[in-house]
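Colleague: Could you walk me through this structure step by step? I would like to learn how to read it.

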Amino acid sequence: MNNEFLKRLETLLSKVPESDRREMLYDYEEHFQIGLANGKSVEELTAELGDPYVIARDLLADYRVGKDEVVQQTEEQVQEQVQPFQEQIQPEQQPQPSQQEVNSKELTMDEKAELAALKAALYKPAPIPTPMGTSEPTRSTSGRSAFGSFMVGMSLLLFNLIFIVGPAAGIFAAYISICAVALVFTLSPLVLISSSFLGFSHESLAVNFFVSLALTSLGMLMGIGMMYVGKYLFKGLAGYTKLNVRMVRGGRAA
Amino acid sequence: MNVQFKKGVLELCVLILISKKDQYGYELAQNISNKIEVAEGTLYPLLRRLTKEDYFTTYLAESTEGPPRKYYSITDKGNEYMKDLVDDWKQFSNAVNQFIEEGLHHE
């Protein structure tokens, strides 16, 4: 029993140890045999099963998560065993710089680079499967079941739609309009120049000149201010996006 | 349908179908794909995971025709888990239905 689908899947799973791989493949061999006995063609069955890449990715993700859990557990056990001794030896041990602080600083550093990836993760739940050779970081949930993250994801979606989108849109609209005002103020001398070309308001040229000068400087100051505000808005948005992603993935967040 | 959406619901459906009756993979795939459009191949990773988490156990049974079949059967732990998920689902879908109704009434 060997067809294209099985061969492909076997190649994709080549990193998995032999015995586990046989076990994974068995399910599909059985599927083909029963399907053929029920009068379906190999092509039909292959089409129904779907993309081997996606299947291999699911299998590998769970396989890796399983291993991680084992490692984590033993680490926790070791910690538990070590802790009492540490307390005995160093009762007045200084609190360590909190891991979280360090993490969050690192995060703000490359936030910009990450935002694009995060957005992709949010809006494209099914990434194009990559060949297994270039082992992608495990996308699958670290702490929650698929159903759990689905529930969290849908709840977040509702929450965001109802409470966040309105105010956020308002803030961004206000921001954009203030930016537009700043730009217009900055460019106000152009109005003066063009109006003087057209022959208007020569009599109040001095007044117009000083008004446009004031407007220009005001506009430039506003522009600079808006650059700072924009940076904070962007950071806020990125942070919020990341928070959402972390909540959906579960674990790690706290 | 959205992929994540389907994945979450699929887990619930698989638990319910197997709690009703022990089934082998192919049978389960047919039962589900009759009603939900799904890539049947992705059911096996799901079954493996649920088995690994002790929600299912498996046993091999000979059949009158073809190879022995790997049957999945639900454990007590799996039943508990399913009940939790069903409760979650009911709460959640009630809330969504309410939102939908309210939303449609306003328009």
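**Where the chains meet**

Modeller: Gladly! This is a predicted model, and its contact draws 29 residues from chain B and 28 residues from chain A.

Colleague: Which element of chain B gives the most to the side that touches chain A?

Modeller: Let's begin with the candidates. At least two residues each come from α1 (3-20), α2 (25-33), α3 (43-52), β3 (69-74) and α4 (76-106) of chain B. With seven residues, the top contributor is α1(B).

Colleague: How many charged residues are on that side of chain B?

Modeller: Sorting that side by class gives 11 nonpolar and eight polar residues. The charged residues there number 10.

Colleague: Where in chain B is confidence lowest?

Modeller: Chain B has an average pLDDT of 89, and 95% of its residues score at least 70. Confidence peaks in β3(B), at 93. At the other end, with a mean of 87, is α1(B).

Colleague: What ipTM does the predictor give the complex?

Modeller: Two scores are given for the complex, so take care to keep them apart. The pTM is 0.49, while the ipTM is 0.86.

Colleague: Now chain A: how far apart are the end C-alpha atoms of residues 172-193?

Modeller: An unreviewed UniProt entry lists residues 146-166, 172-193 and 205-229 of chain A under "transmembrane region". In the model, residues 146-166 of chain A are 100% helix and 0% strand, with end C-alpha atoms 29 Å apart. Residues 172-193 of chain A are 95% helix and 0% strand, and their end C-alpha atoms are separated by 32 Å.

Definitions and conventions. Residues are numbered from 1 along each chain as its sequence is written. Chains are lettered from A and ligands numbered from 1 in the order in which they are written. This is a predicted model: local features need pLDDT of at least 70, side-chain atom pairs count only at pLDDT 80 or more; totals for chains, interfaces and linings use all residues. UniProt positions are given in the numbering used here, feature names are shortened, and annotations may be inferred rather than shown by experiment. Helices (H or I, at least four residues) and strands (E, at least two) are DSSP runs, numbered from the N terminus. Two residues are in contact if their C-beta atoms, placed from the backbone, lie within 7 Å. Ala, Val, Leu, Ile, Met, Phe, Trp, Tyr, Cys and Pro count as nonpolar, Asp, Glu, Lys and Arg as charged, and the others, Gly among them, as polar. pLDDT is the predictor's confidence in each residue, from 0 to 100.
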